[in-house]
Amino acid sequence: MSEHDRRPSDLPIPDAPSTTPDPTALDCPTADFDALCEAHAGPLIQQAVLLTGRARLARRAVERAFHAAWQRWPEVAADPDPPGWVRAAAYDYALAPWRALFPRLRTAERPRPHAPAPPSARPQDRALLAAVLALPAPYRRALLLHDGVGLGLHATAVEVEASTPAATGRLTHARGRLAEQLPELGLRELPPDRQGAVLHARLAALAASRPVAPPAAREVRAGAERRARLTTRAGFGATGLLAATALAVSLGAPDGHRPPPRPVVAAPSAPSAGPAVPAAGHQVRTGARHRSGARRALPRGARLTPDVR
(Lines give C-alpha, C1' and ligand atoms only; values in the text may rest on other atoms or scores of the structure.)
Protein backbone atom coordinates (compact mmCIF):
# COMPACT_ATOMS: atom_id res chain seq x y z
CA MET A 1 0.00 0.00 0.00
CA SER A 2 1.67 3.21 -1.09
CA GLU A 3 1.68 6.19 1.19
CA HIS A 4 1.01 8.63 -1.62
CA ASP A 5 -1.62 6.69 -3.58
CA ARG A 6 -3.95 9.63 -4.00
CA ARG A 7 -7.15 9.27 -5.99
CA PRO A 8 -8.36 11.48 -8.83
CA SER A 9 -9.99 14.63 -7.49
CA ASP A 10 -12.60 15.03 -10.20
CA LEU A 11 -15.23 12.92 -8.41
CA PRO A 12 -17.87 14.45 -6.12
CA ILE A 13 -16.70 13.15 -2.77
CA PRO A 14 -13.24 14.75 -2.52
CA ASP A 15 -12.94 18.34 -1.49
CA ALA A 16 -13.12 20.63 -4.46
CA PRO A 17 -9.75 22.08 -5.46
CA SER A 18 -8.94 25.39 -3.88
CA THR A 19 -9.80 28.32 -6.11
CA THR A 20 -7.18 30.97 -6.77
CA PRO A 21 -8.24 34.08 -4.85
CA ASP A 22 -8.73 37.35 -6.64
CA PRO A 23 -5.63 39.56 -6.19
CA THR A 24 -7.90 42.46 -5.31
CA ALA A 25 -9.47 40.44 -2.51
CA LEU A 26 -6.33 39.06 -0.86
CA ASP A 27 -6.74 41.39 2.10
CA CYS A 28 -10.49 40.81 2.42
CA PRO A 29 -11.28 38.06 4.95
CA THR A 30 -14.92 38.00 3.93
CA ALA A 31 -14.15 37.23 0.28
CA ASP A 32 -11.63 34.54 1.22
CA PHE A 33 -14.01 32.87 3.64
CA ASP A 34 -16.89 33.00 1.15
CA ALA A 35 -14.70 31.38 -1.50
CA LEU A 36 -13.71 28.61 0.91
CA CYS A 37 -17.31 27.99 1.95
CA GLU A 38 -18.71 27.97 -1.58
CA ALA A 39 -16.02 25.58 -2.84
CA HIS A 40 -16.00 23.04 0.00
CA ALA A 41 -19.30 23.14 1.91
CA GLY A 42 -21.16 20.87 -0.51
CA PRO A 43 -18.50 18.12 -0.74
CA LEU A 44 -18.00 18.24 3.02
CA ILE A 45 -21.70 17.66 3.63
CA GLN A 46 -21.64 14.68 1.28
CA GLN A 47 -18.68 13.25 3.18
CA ALA A 48 -20.40 13.80 6.50
CA VAL A 49 -23.49 11.98 5.20
CA LEU A 50 -21.34 8.93 4.45
CA LEU A 51 -19.70 9.33 7.84
CA THR A 52 -22.93 9.47 9.86
CA GLY A 53 -25.77 8.34 7.60
CA ARG A 54 -27.80 11.37 8.76
CA ALA A 55 -28.27 14.23 6.34
CA ARG A 56 -29.36 16.88 8.84
CA LEU A 57 -26.56 16.02 11.24
CA ALA A 58 -24.08 16.21 8.37
CA ARG A 59 -25.29 19.67 7.38
CA ARG A 60 -25.25 20.87 10.98
CA ALA A 61 -21.71 19.53 11.50
CA VAL A 62 -20.41 21.34 8.44
CA GLU A 63 -22.15 24.58 9.41
CA ARG A 64 -20.66 24.41 12.93
CA ALA A 65 -17.24 23.78 11.44
CA PHE A 66 -17.51 26.87 9.22
CA HIS A 67 -18.80 28.87 12.20
CA ALA A 68 -15.66 27.95 14.09
CA ALA A 69 -13.54 28.76 11.05
CA TRP A 70 -15.03 32.24 10.73
CA GLN A 71 -14.63 32.95 14.44
CA ARG A 72 -10.97 31.90 14.21
CA TRP A 73 -10.35 33.07 10.69
CA PRO A 74 -6.82 34.48 11.19
CA GLU A 75 -5.70 31.06 12.43
CA VAL A 76 -7.54 29.21 9.64
CA ALA A 77 -6.29 31.55 6.92
CA ALA A 78 -2.70 31.01 8.06
CA ASP A 79 -3.13 27.22 8.10
CA PRO A 80 -1.38 25.35 5.25
CA ASP A 81 -4.65 23.52 4.49
CA PRO A 82 -7.78 25.55 5.37
CA PRO A 83 -10.17 22.96 3.84
CA GLY A 84 -8.50 20.28 5.95
CA TRP A 85 -8.97 22.43 9.07
CA VAL A 86 -12.70 22.74 8.38
CA ARG A 87 -13.00 19.05 7.48
CA ALA A 88 -11.37 17.94 10.74
CA ALA A 89 -13.73 20.20 12.73
CA ALA A 90 -16.79 18.86 10.88
CA TYR A 91 -15.74 15.23 11.39
CA ASP A 92 -15.09 15.83 15.10
CA TYR A 93 -18.54 17.34 15.56
CA ALA A 94 -20.27 14.60 13.56
CA LEU A 95 -18.54 11.79 15.48
CA ALA A 96 -18.70 13.36 18.95
CA PRO A 97 -18.91 10.53 21.54
CA TRP A 98 -21.56 12.32 23.60
CA ARG A 99 -24.14 11.71 20.85
CA ALA A 100 -24.33 8.06 21.87
CA LEU A 101 -25.52 9.20 25.32
CA PHE A 102 -28.58 11.00 23.87
CA PRO A 103 -30.32 8.65 21.43
CA ARG A 104 -33.46 10.79 21.54
CA LEU A 105 -31.67 13.43 19.50
CA ARG A 106 -32.01 11.15 16.48
CA THR A 107 -35.70 11.94 16.34
CA ALA A 108 -34.68 15.27 14.83
CA GLU A 109 -33.57 13.37 11.74
CA ARG A 110 -37.14 12.45 10.83
CA PRO A 111 -38.27 14.17 7.64
CA ARG A 112 -40.46 17.19 8.03
CA PRO A 113 -44.08 17.02 6.80
CA HIS A 114 -43.54 19.14 3.68
CA ALA A 115 -39.88 18.32 3.03
CA PRO A 116 -39.11 16.70 -0.32
CA ALA A 117 -38.35 13.01 -0.15
CA PRO A 118 -34.70 12.08 -0.71
CA PRO A 119 -33.94 10.33 -3.99
CA SER A 120 -34.15 6.58 -3.82
CA ALA A 121 -30.73 4.94 -3.79
CA ARG A 122 -29.83 1.81 -5.66
CA PRO A 123 -29.73 -1.44 -3.66
CA GLN A 124 -25.96 -1.72 -4.04
CA ASP A 125 -25.54 1.85 -2.79
CA ARG A 126 -27.73 1.17 0.23
CA ALA A 127 -25.75 -1.99 0.99
CA LEU A 128 -22.46 -0.10 0.75
CA LEU A 129 -23.69 2.69 3.02
CA ALA A 130 -24.96 0.18 5.59
CA ALA A 131 -21.63 -1.64 5.55
CA VAL A 132 -19.68 1.60 5.97
CA LEU A 133 -21.89 2.76 8.85
CA ALA A 134 -21.43 -0.63 10.56
CA LEU A 135 -17.70 0.04 10.88
CA PRO A 136 -16.35 1.51 14.12
CA ALA A 137 -16.00 5.26 13.93
CA PRO A 138 -12.15 5.29 13.78
CA TYR A 139 -12.15 2.72 10.93
CA ARG A 140 -14.89 4.61 9.11
CA ARG A 141 -13.05 7.90 9.36
CA ALA A 142 -9.76 6.45 8.12
CA LEU A 143 -11.51 4.72 5.21
CA LEU A 144 -13.35 7.86 4.17
CA LEU A 145 -10.26 10.06 4.34
CA HIS A 146 -7.96 7.69 2.45
CA ASP A 147 -10.22 5.89 -0.01
CA GLY A 148 -12.91 8.56 -0.24
CA VAL A 149 -11.19 11.95 -0.06
CA GLY A 150 -7.92 10.58 -1.41
CA LEU A 151 -5.45 11.53 1.32
CA GLY A 152 -2.20 9.63 1.65
CA LEU A 153 -1.52 7.41 4.63
CA HIS A 154 0.62 10.00 6.41
CA ALA A 155 -1.94 12.78 5.92
CA THR A 156 -4.70 10.44 7.08
CA ALA A 157 -2.74 9.56 10.21
CA VAL A 158 -2.16 13.23 10.98
CA GLU A 159 -5.84 14.09 10.62
CA VAL A 160 -7.05 11.19 12.78
CA GLU A 161 -4.30 11.96 15.34
CA ALA A 162 -2.71 8.52 15.14
CA SER A 163 0.57 7.06 14.01
CA THR A 164 0.96 5.94 10.41
CA PRO A 165 1.01 2.20 11.35
CA ALA A 166 -2.16 2.69 13.42
CA ALA A 167 -3.93 4.46 10.55
CA THR A 168 -2.76 1.72 8.17
CA GLY A 169 -4.18 -0.93 10.49
CA ARG A 170 -7.55 0.81 10.70
CA LEU A 171 -7.71 1.11 6.92
CA THR A 172 -6.77 -2.54 6.43
CA HIS A 173 -9.39 -3.77 8.90
CA ALA A 174 -12.05 -1.53 7.34
CA ARG A 175 -11.35 -2.91 3.87
CA GLY A 176 -11.37 -6.44 5.23
CA ARG A 177 -14.80 -6.01 6.78
CA LEU A 178 -16.20 -4.49 3.60
CA ALA A 179 -14.76 -7.42 1.62
CA GLU A 180 -16.55 -9.87 3.94
CA GLN A 181 -19.91 -8.08 3.88
CA LEU A 182 -19.84 -7.11 0.20
CA PRO A 183 -18.19 -9.95 -1.74
CA GLU A 184 -19.56 -8.53 -4.99
CA LEU A 185 -16.95 -5.78 -4.77
CA GLY A 186 -14.22 -8.35 -5.36
CA LEU A 187 -11.81 -6.72 -2.92
CA ARG A 188 -10.23 -9.98 -1.75
CA GLU A 189 -8.61 -10.71 -5.11
CA LEU A 190 -7.21 -7.18 -5.55
CA PRO A 191 -3.96 -5.65 -4.32
CA PRO A 192 -4.21 -2.77 -1.82
CA ASP A 193 -3.84 -0.07 -4.47
CA ARG A 194 -6.64 -1.51 -6.56
CA GLN A 195 -8.81 -1.91 -3.47
CA GLY A 196 -8.48 1.80 -2.79
CA ALA A 197 -9.36 2.69 -6.36
CA VAL A 198 -12.49 0.51 -6.35
CA LEU A 199 -13.69 1.92 -3.03
CA HIS A 200 -12.96 5.47 -4.12
CA ALA A 201 -15.15 5.09 -7.20
CA ARG A 202 -17.95 3.42 -5.25
CA LEU A 203 -17.91 5.98 -2.44
CA ALA A 204 -17.90 8.83 -4.94
CA ALA A 205 -20.90 7.35 -6.72
CA LEU A 206 -22.66 6.89 -3.37
CA ALA A 207 -22.03 10.51 -2.42
CA ALA A 208 -23.24 11.74 -5.81
CA SER A 209 -26.52 9.85 -5.33
CA ARG A 210 -27.29 12.07 -2.33
CA PRO A 211 -27.15 15.66 -3.58
CA VAL A 212 -27.26 18.38 -0.96
CA ALA A 213 -27.79 22.12 -1.09
CA PRO A 214 -24.83 23.79 0.63
CA PRO A 215 -25.58 26.77 2.86
CA ALA A 216 -24.86 30.24 1.53
CA ALA A 217 -21.62 31.75 2.77
CA ARG A 218 -23.39 34.91 3.92
CA GLU A 219 -25.77 32.87 6.06
CA VAL A 220 -22.87 30.93 7.54
CA ARG A 221 -21.07 34.13 8.51
CA ALA A 222 -24.25 35.58 10.00
CA GLY A 223 -24.80 32.38 12.00
CA ALA A 224 -21.23 32.45 13.28
CA GLU A 225 -21.53 36.05 14.43
CA ARG A 226 -24.89 35.35 16.06
CA ARG A 227 -23.45 32.35 17.88
CA ALA A 228 -20.49 34.42 19.04
CA ARG A 229 -22.84 37.08 20.47
CA LEU A 230 -24.90 34.44 22.27
CA THR A 231 -21.76 32.89 23.72
CA THR A 232 -20.54 36.28 24.94
CA ARG A 233 -23.90 37.07 26.55
CA ALA A 234 -23.99 33.67 28.19
CA GLY A 235 -20.51 34.26 29.60
CA PHE A 236 -21.50 37.65 31.02
CA GLY A 237 -24.70 36.15 32.43
CA ALA A 238 -22.82 33.34 34.15
CA THR A 239 -20.34 35.84 35.59
CA GLY A 240 -23.17 38.04 36.90
CA LEU A 241 -24.93 35.03 38.42
CA LEU A 242 -21.76 34.00 40.25
CA ALA A 243 -21.24 37.55 41.51
CA ALA A 244 -24.84 37.76 42.75
CA THR A 245 -24.52 34.40 44.50
CA ALA A 246 -21.31 35.47 46.21
CA LEU A 247 -22.94 38.75 47.32
CA ALA A 248 -25.98 36.92 48.73
CA VAL A 249 -23.78 34.52 50.65
CA SER A 250 -21.70 37.33 52.08
CA LEU A 251 -24.81 39.27 53.18
CA GLY A 252 -26.35 36.23 54.82
CA ALA A 253 -23.22 35.28 56.71
CA PRO A 254 -22.65 36.59 60.32
CA ASP A 255 -20.55 39.71 60.80
CA GLY A 256 -16.96 38.66 60.97
CA HIS A 257 -15.49 35.37 62.03
CA ARG A 258 -15.48 34.50 65.71
CA PRO A 259 -13.10 31.76 66.72
CA PRO A 260 -14.37 29.15 69.18
CA PRO A 261 -13.75 29.97 72.85
CA ARG A 262 -10.60 28.53 74.33
CA PRO A 263 -10.67 26.69 77.66
CA VAL A 264 -9.60 28.88 80.59
CA VAL A 265 -6.62 27.51 82.50
CA ALA A 266 -6.45 28.66 86.15
CA ALA A 267 -3.18 30.27 87.12
CA PRO A 268 -1.28 28.60 89.97
CA SER A 269 -2.04 30.23 93.30
CA ALA A 270 0.65 31.84 95.44
CA PRO A 271 2.28 29.66 98.10
CA SER A 272 0.34 29.62 101.34
CA ALA A 273 1.94 31.49 104.25
CA GLY A 274 0.51 29.14 106.87
CA PRO A 275 1.98 25.81 107.85
CA ALA A 276 1.15 22.79 105.73
CA VAL A 277 -0.77 19.99 107.39
CA PRO A 278 0.88 16.61 106.85
CA ALA A 279 -1.19 13.62 105.96
CA ALA A 280 -2.39 11.39 108.75
CA GLY A 281 0.26 8.96 109.95
CA HIS A 282 3.07 10.71 108.08
CA GLN A 283 5.73 13.16 109.09
CA VAL A 284 7.64 15.61 106.97
CA ARG A 285 11.36 15.23 106.81
CA THR A 286 12.89 18.67 107.26
CA GLY A 287 16.36 17.90 108.59
CA ALA A 288 17.43 20.11 111.42
CA ARG A 289 14.14 22.00 111.48
CA HIS A 290 12.33 18.70 112.10
CA ARG A 291 14.39 18.13 115.21
CA SER A 292 13.81 21.61 116.47
CA GLY A 293 10.11 21.39 115.82
CA ALA A 294 10.09 23.90 112.98
CA ARG A 295 8.07 22.99 109.87
CA ARG A 296 8.55 24.21 106.30
CA ALA A 297 5.53 25.47 104.46
CA LEU A 298 4.72 23.43 101.32
CA PRO A 299 2.74 24.65 98.33
CA ARG A 300 -0.77 23.48 97.90
CA GLY A 301 -1.04 20.09 96.23
CA ALA A 302 2.55 19.09 97.02
CA ARG A 303 3.13 15.41 97.61
CA LEU A 304 4.52 14.43 101.02
CA THR A 305 6.97 11.59 101.39
CA PRO A 306 6.07 9.30 104.28
CA ASP A 307 8.64 7.94 106.72
CA VAL A 308 9.51 4.38 106.17
CA ARG A 309 10.52 2.58 109.33
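**Salt bridges and the burial of helix α8**

At a relative accessibility of 43%, Arg122 counts as partly exposed. In this predicted model, Arg122 is paired with Asp125 in a salt bridge whose closest N and O atoms are 3.0 Å apart. Asp125, by contrast, is buried, its relative accessible area being 2%. The pair therefore joins a buried carboxylate residue to a partly exposed arginine.

The chain as a whole is helical in its regular secondary structure, with eleven helices and zero strands. Read from the N terminus, the order of elements is α-α-α-α-α-α-α-α-α-α-α. Of the 309 residues in the chain, 33% are buried. The exposed surface of the chain comes to about 19,700 Å², and 59% of this area is supplied by carbon and sulfur atoms. Among contacts with a separation of 6 or more, 72% are accounted for by residues 24 or more positions apart.

Helix α8 was examined in further detail. This helix comprises the 18 residues 164-181, for which a rise of 1.5 Å a residue predicts a span of 26 Å; the end C-alpha atoms are 26 Å apart, in agreement with that expectation. The buried residues of α8 are Ala167, Leu171, Ala174, Arg175, Leu178 and Ala179. Viewed down the helix axis, these buried residues fall within an arc of 135°, and they therefore line one face of α8. An α-helix has 3.6 residues a turn, so residues three or four places apart point the same way. Pro165 and Glu180 are exposed on the other side of α8. The cover over the buried residues of α8 includes contributions from α5 (123-133), α6 (137-149), α7 (153-159) and α9 (192-208).

One of the buried residues of α8 carries a charged side chain, namely Arg175. Arg175 has a relative accessibility of 3% and so counts as buried, the cut-off being under 20%. The side chain of Arg175 reaches the backbone oxygen of Pro192 at a distance of 3.1 Å. Pro192 lies in α9 (192-208), one of the helices that cover the buried residues of α8.

Glu180, on the other side of α8, has a relative accessibility of 57% and counts as exposed. Glu180 forms a salt bridge with Arg188, in which the closest N and O atoms are 3.9 Å apart. The separation of 3.9 Å satisfies the criterion for a salt bridge because the limit is 4 Å. Arg188 is likewise exposed, at 60% relative accessibility. Both partners in this pair thus lie over the 50% cut-off for exposure.

In total, eight salt bridges were counted in the model. A further example is formed by Glu63 and Arg59, with the closest N and O atoms 3.3 Å apart. Glu63 and Arg59 both belong to helix α2 (residues 55-71), where four residues, about one turn of the helix, separate them. Glu63 is partly exposed, with a relative accessible area of 22%, and Arg59 is also partly exposed, with a relative accessibility of 31%. The relative accessibilities of Glu63 and Arg59 both fall between the cut-offs of 20% and 50%, so neither residue is classed as buried or as exposed.

Notes. Residues are numbered from 1 along each chain as its sequence is written. This is a predicted model: local features need pLDDT of at least 70, side-chain atom pairs count only at pLDDT 80 or more; totals for chains, interfaces and linings use all residues. Side-chain values use heavy atoms; hydrogens and water are left out. Helices (H or I, at least four residues) and strands (E, at least two) are DSSP runs, numbered from the N terminus. Buried means under 20% relative accessible area, exposed over 50%, partly exposed in between (1.4 Å probe, protein chains only). Contact means heavy atoms within 4.5 Å. Accessible areas come from the Shrake-Rupley method with a 1.4 Å probe; for residues, only the protein chains shown count as cover. The expected span of a helix is 1.5 Å times one less than its number of residues. The arc is that of the directions from the helix axis to the C-beta atoms. A salt bridge is a side-chain nitrogen of Lys or Arg within 4 Å of a carboxyl oxygen of Asp or Glu. A polar contact is a pair of N or O atoms within 3.5 Å; within protein, one must be able to donate a hydrogen and the other to accept it, and residues adjacent in sequence count only if both atoms are side-chain atoms.
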